[in-house]
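Please take a moment to look over the sequence and the three-dimensional model before reading on. The paragraphs below walk through the surroundings of the ligand, then the nonpolar core, and then some of the parts that build it.

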Amino acid sequence: MKAWNESWKTEEGRAHWLEPDPFIVSLIPKFEKEEVEKVLDLGFGIGRHTILFAKKRFDVYGIDPSSSGLEFAMKWAQRERIILKLITGDMSQLPFKNNFFDLIIAWNVIYHGTAEIIHNTINEIMKCLKIGGYLLCTLISTKHNKYGIGKEIEKDTFVISEETEKSHPHHYFNKDEIAQYLKEFAPIICDDKEQFYPGLFHWYILTKLVSKSEGR
Ligand SMILES: C[S@@+](CC[C@H](N)C(=O)[O-])C[C@H]1O[C@@H](n2cnc3c(N)ncnc32)[C@H](O)[C@@H]1O
C-alpha cells in the first residue's frame, strides 16, 4: 500500500505508531500464562507490536506490503538486539503453513479492503491459526467519524480521493457483521472504543478460533 509505505519513511508519519497499544500490552500476561508461542503480526507497520512480543520471547513473524516499514522495523530490532522474521506480502495471501500460529495480531489492518479482500483475509487467518488460537484485531467501526465520507464503492466501504491512506478502500463494521465474518471464532472481547482521538471508533476484538470449515 503506497500511502503507508510513504508514511513510514518520515518521522511525522511514524509518530503515532511507535508505542504499543495499551490493550495489547495488557493481554501479554494472559498469552504468557497460556504458553502462546508462535505469533504473527499481520500488517506490522513499523513493528511496535512485533518488537514488543519478540522482547517477551514469543516466536514472532510479521508480514506487511510496505518495504519502508520493514526496513525501519529491522533497524529498530537491531538496536534492541533481537531478531525479527519479517517479510513483505499481502494479508489476503499468507505464505505460512496451515495451523502454524497460536496468535495472529492484525491491528488496524483488516478493514483496508473490499468485502472480497476481507473475506479472503479471514480465510487465510483461519488457515494459519491453530484451532484454539487467538485473533487479536481492530476493525474500524460504523460509529467512526469518517464513516460515510468519500465515495461508497460497496456497502459500508468508502474511498476518499486524496493522497493519504484514505485513498484506499476502508470498510466500516457493525457488530452483526463482525459476528458474521468471525462465525467460526468464539468472541472474548468485542468493544467499540475511540482510538487515538475522540470520534475515531474502532472495534477492539479478542477472539478464539473454535472450528474450521472443510478445506482450511
Ligand atoms: C494503520 S497501519 C497499522 C500498523 C501496525 N499494525 C500497528 O498497529 O502499528 C496499517 C498497516 O497495514 C498494512 N497493510 C495495508 N494493506 C495491507 C494488506 N493488504 N496486507 C497486509 N498489510 C496491509 C500497511 O502497510 C500498514 O503498515
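In what follows, Ala, Val, Leu, Ile, Met, Phe, Trp, Tyr, Cys and Pro count as nonpolar, Asp, Glu, Lys and Arg count as charged, and the others, Gly among them, count as polar. Please keep in mind that this is a predicted model. With those classes in hand, the shell of residues around the ligand can be divided into eight nonpolar, six polar and three charged residues. There are 17 residues around the ligand, and those that come nearest are Trp4, Gly43, Gly45, Met91 and Trp107. Because domain 1 (1-10 + 37-89) and domain 2 (104-216) both give residues to this shell, the ligand lies between them.

A similar question can be asked of the interior of the protein. The largest nonpolar core has 51 residues, and Ile104, Ile105, Leu135 and Leu139 are those with the most contacts inside it. Among the elements that give two or more residues to this core are strand 1 (38-42), helix 4 (48-55), strand 4 (101-106) and strand 5 (129-140), and the largest share, seven residues, comes from strand 5. This core, too, lies between domain 1 (1-10 + 37-89) and domain 2 (104-216), because both of them give residues to it.

Two residues can serve as guides here. If neighbours within four places in sequence are left aside, isoleucine 105 is in contact with Ile24, Val39, Leu40, Asp41, Leu42, His49 and Leu136. The last of these, leucine 136, lies in strand 5. Leucine 136 has 23 other C-beta atoms within 10 Å, and since a residue is called buried when 20 or more lie within that distance, leucine 136 counts as buried. Its contacts, again without neighbours within four places in sequence, are Ile24, Leu27, Leu103, Ile105 and Leu206. Leucine 136 and leucine 103 are 33 residues apart along the chain, yet their C-alpha atoms are separated by 7.4 Å.

Helix 4 deserves a closer look. Its buried residues are Arg48, His49, Thr50, Ile51, Phe53 and Ala54, and because six of the eight residues of helix 4 are buried, this helix is largely enclosed by the rest of the structure. The buried residues of helix 4 pack against helix 3 (22-33), strand 1, strand 2, helix 5, strand 3 (85-87) and strand 4. Just after helix 4, the chain reaches arginine 57, which takes a positive phi of about 75°.

Conventions:
Residues numbered from 1 in each chain as written. Predicted model: local features only at pLDDT ≥ 70, side-chain atom pairs only at ≥ 80, totals over all residues. Near = placed C-beta within 6 Å. Domains from an automatic or database assignment. Core = buried A, V, L, I, M, F, W, Y, C linked by C-beta atoms within 7 Å. Buried ≥ 20, exposed ≤ 12 C-beta atoms within 10 Å, placed from the backbone. Helix = DSSP H or I, 4+ residues; strand = E, 2+ residues; numbered from the N terminus. Contact = placed C-beta atoms within 7 Å.
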